[in-house]
Amino acid sequence: MRLVTALLAASLATPALADCPLDLGRGTGWVVFSGQYLMAFRPDPLRIEVGEPFALVVNVCTRSGDAAQLLAVDANMPEHRHGMNYRASLVSKGDGRFRAEGLLFHMPGRWEVTFDVAAGAESERLTHDIILK
Amino acid sequence: MRGLLLSLLFLVAVLTAGLIGVQAQTLLDWSPEEIRTIGHHGPWPPPPVRDPSNRVSGTAAGIALGRHLFEEPRLSGDGRMNCASCHQAGREWSDGLARGQGRTELDRRTPSLWNIGYLHWFGWDGAGDSLWAQSIRPLLDPREMNGGPTRAAELLRGDAALACGYEKAFGTKPGADDERLLVDTAKALAAFQATLVSPRTPFDDFRDALVAGNRETASRYPLAAQRGLRLFIGEANCNLCHLGPRFTSGEFGDIGIPFFVGPGMVDPGRLGGLQRLADSPFNLLGRYNDDATGDNTRRTRHVRRLHSNFGEFRVPGLRQVGRAGPFMHNGSLATLEDVVRHYSDVSPDRLHSDGTPLVRPLGLTVEQSGDLVAFLRSLDAQPPPRAAPAPLCP
C-alpha cells in the first residue's frame with residue numbers, strides 16, 4: 001500500500017516519469033527520490049533475515065527521462081562504523097532495471113543502504129535506511 | 001506441651017516454605033519488545049539440517065559411515081589419532097584444553113562441534129565454506145592427523161567394512177580417484193557431525209513459556225538468569241553478535257583478544273582464513289560441490305577480504321558454553337567469569353584500529369557479572385547418553 005501511494009505521488013508530481021520503470025511487481029518495495037533521480041527497490045526474498053543472503057531488485061531512472069545506471073550497491077551500520085562482510089554484484093536487466101546479488105546483513109539494527117547511480121558523467125549516491133530486528 | 005511445640009514447628013516450616021516459594025518464583029516485568037527479542041533465541045532444537053553441497057548429508061548411510069570414520073585412527077599418519085581425539089563426546093565435542101593438541105600444540109582452541117551443521121563458515125578463521133571442506137584440513141595438516149592425500153582412499157578401498165559402508169552411502173564402490181575419496185571421506189564425516197545438536201536447556205523452557213504467555217512456567221527460571229538475560233539483550237548488547245537460536249551470527253569479530261601466538265608471530269584470524277578459502281581446491285566454487293544449482297555459493301562468491309578482518313575470529317555459539325571451557329579462540333580465558341570480566345574491563349586500546357565500537361568496556365558490577373554468568377549457565381544441559389554405533393555392514 002505504501003509503495004502504491006508513493007508511486008502515485010511520484011507520478012502526479014513528475015509527469016515526465018511516465019516511462020520510468022518504478023513498478024517492481026509484487027506490490028511492495030521502497031521508493032527513493034533525489035533532485036535528478038527516482039529509484040524503486042525491493043528485497044528478494046521480500047523478508048530480509050539477519051545472516052541470510054538476499055538480493056535487491058532495483059529500478060532507477062532520471063526525472064529528465066535520460067537513461068540512468070546503477071553503479072554500485074553497498075550497506076553499512078553507521079552506529080557501529082562497519083559495513084557488510086560481503087560485496088554485492090550487479091546485473092543489468094536493461095531499461096534501468098538491475099539486480100544486486102550477494103548482500104547479507106549480519107547484525108540486527110539500522111543498515112544504511114547506498115546506491116551509486118549515474119546518468120552520463122554525473123553520479124550521485126542515494127541512501128535508504130532499513131531497520132532489521 | 002510437646003504437642004504444642006510440634007504444632008509450632010510445623011507452622012514455622014509451612015510459613016518458611018511459603019516464603020521461599022514466593023521469593024524463588026518471580027518473573028521480571030518483561031516488555032513486549034524484550035519478549036519478542038528473547039523469542040528470536042528459539043525455538044530449540046531447530047529442524048535437522050541438510051547441506052546441498054554434500055550428497056550424503058542427512059542420509060542414514062552417510063551418517064553411519066561418518067560416525068565410524070570419526071573414530072578411525074587409521075586416517076592419521078601414525079595410526080594413533082582420530083577426530084574424536086580432540087572432539088570428545090564427553091567434553092562437549094572439544095578437548096578441555098586451552099590449545100588443541102595434535103602431533104604438536106596448536107595455536108588455537110579446539111572448537112566444539114555442537115550445532116556445527118547450522119554454520120556457513122567453519123574454523124575459527126572461516127577458511128572452510130562447508131563442513132566437509134573444513135573436515136579435510138585436520139586430516140591432512142601435518143600438525144594434526146597428518147594423514148596425507150592418499151590415506152583415506154587406501155583405507156576405504158582396503159577395509160571391507162568401510163568399503164561396504166562407502167558403497168551404501170555413495171552408491172558405488174570406492175574408486176581409483178584418491179582425491180575424490182578424500183572428499184567423500186570428509187563428506188561422510190560432515191554428515192555425522194551435522195547430527196550433533198545440543199540438548200534443550202532451562203533457557204529454552206523459559207523462552208517457550210514466556211513467548212506462550214505461560215507466566216507460571218516462566219517464573220521457574222532463576223531470577224539471576226533473568227537479570228543476566230536482560231543485560232545480554234539490553235545494556236550489554238551481547239545479542240548483536242550472539243543472536244538467534246544458536247546465539248551466534250556465524251560471522252567474525254575482533255573482541256580485543258591478543259593475536260600474538262609467539263615472539264614475532266601473529267594469528268591473522270579471518271584475514272588469513274579468507275586467503276586460504278580462496279586458495280582451496282575444496283571450496284564451494286570448486287568441482288566437489290554437489291549442488292548443481294550453485295545457490296549455496298553466494299557467500300563464497302561475495303565475501304569481502306578487508307584489512308579490518310585482521311584479528312577477527314568466528315563468533316562462537318553459546319549453547320553448552322559453560323561446559324566447554326577454556327574460552328576464546330586461543331583458550332586464553334579459563335572460566336566464564338573470566339570471559340564476563342574481559343567484556344567488563346576490555347581496553348579499547350587492545351581493539352584493532354578499524355574495529356567496531358560494538359565492543360566496549362561494560363563496567364559491570366559484581367552482581368551484574370554474576371547475573372550474566374547465571375544466564376550463560378542456563379544455556380547448558382546434560383546431553384543424553386549416546387548408543388554405540390551399529391556395525392556398518394552386519
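**Exercise 1. Work out how the two domains of chain B meet.**

Start with the contact count: 19 residues of domain 1 of chain B touch 27 residues of domain 2 of chain B, where contact means that two C-beta atoms, placed from the backbone, lie within 7 Å. Next, sort the domain 1 side by class: eight residues are nonpolar, seven polar and four charged. (Ala, Val, Leu, Ile, Met, Phe, Trp, Tyr, Cys and Pro count as nonpolar, Asp, Glu, Lys and Arg as charged, and the others, Gly among them, as polar.) Now for the bounds: domain 1 of chain B takes in 27–45 + 201–259 + 315–394, while domain 2 covers 60–193; bounds like these come from an automatic or database domain assignment. Finally, the C-alpha centres of the two domains are 29 Å apart.

Some ground rules before going on. This is a predicted model, with local features needing pLDDT of at least 70 and side-chain atom pairs counting only at pLDDT 80 or more, whereas totals for chains, interfaces and linings use all residues. Residues are numbered from 1 along each chain as its sequence is written, and chains are lettered from A and ligands numbered from 1 in the order in which they are written.

**Exercise 2. Place Ala224(B) and Val211(B), and find what each one touches.**

Take Ala224(B) to begin with. Ala224(B) sits in helix α11 of chain B, residues 223–233; helices here are DSSP runs of H or I with at least four residues, strands are E runs of at least two, and both are numbered from the N terminus. Ala224(B) counts as partly exposed because it has 17 C-beta neighbours inside 10 Å. (Buried takes 20 or more other C-beta atoms within 10 Å, exposed 12 or fewer, and partly exposed is in between, with C-beta atoms placed from the backbone.) Leaving out residues up to four places away in sequence, Ala224(B) touches Gly370(B), Asp371(B) and Ala374(B). Gly370(B) is 146 residues away along the chain, yet its C-alpha is 7.6 Å from that of Ala224(B).

Then do likewise for Val211(B). Val211(B) belongs to helix α9 of chain B, residues 202–212. With 16 C-beta neighbours inside 10 Å, Val211(B) is partly exposed. Beyond four places in sequence, Val211(B) contacts Ile35(B) and Gly39(B). Pro32(B) and Val211(B) are 179 residues apart in sequence, with 9.5 Å between their C-alpha atoms.

**Exercise 3. Find which side of α14(B) is buried, and what packs there.**

List the buried residues of helix α14 of chain B (336–345): Leu336(B), Val339(B), Val340(B) and His342(B). They share one side of α14(B), because they span an arc of only 150° around the axis, taken from the directions from the helix axis to the C-beta atoms. Their packing partner is α15 of chain B, residues 366–377.

**Exercise 4. Trace the five-stranded sheet in chain A.**

Begin with the inventory: chain A has one helix and nine strands. Five strands make an open, antiparallel sheet in the order β1-β2-β3-β7-β6; pairing requires at least two DSSP bridges between two strands. At the edges are β1 (30–33) and β6 (89–94) of chain A, each pairing on one side only. Zoom in on β6(A): five bridges link it to β7 (97–103) of chain A in the antiparallel sense, and Leu90(A) stands opposite Ala100(A) in β7(A).

**Exercise 5. Describe the contact between the chains.**

Count both sides: chain A gives 16 residues and chain B gives 16 residues. Then classify the chain A side: six nonpolar, eight polar and two charged.
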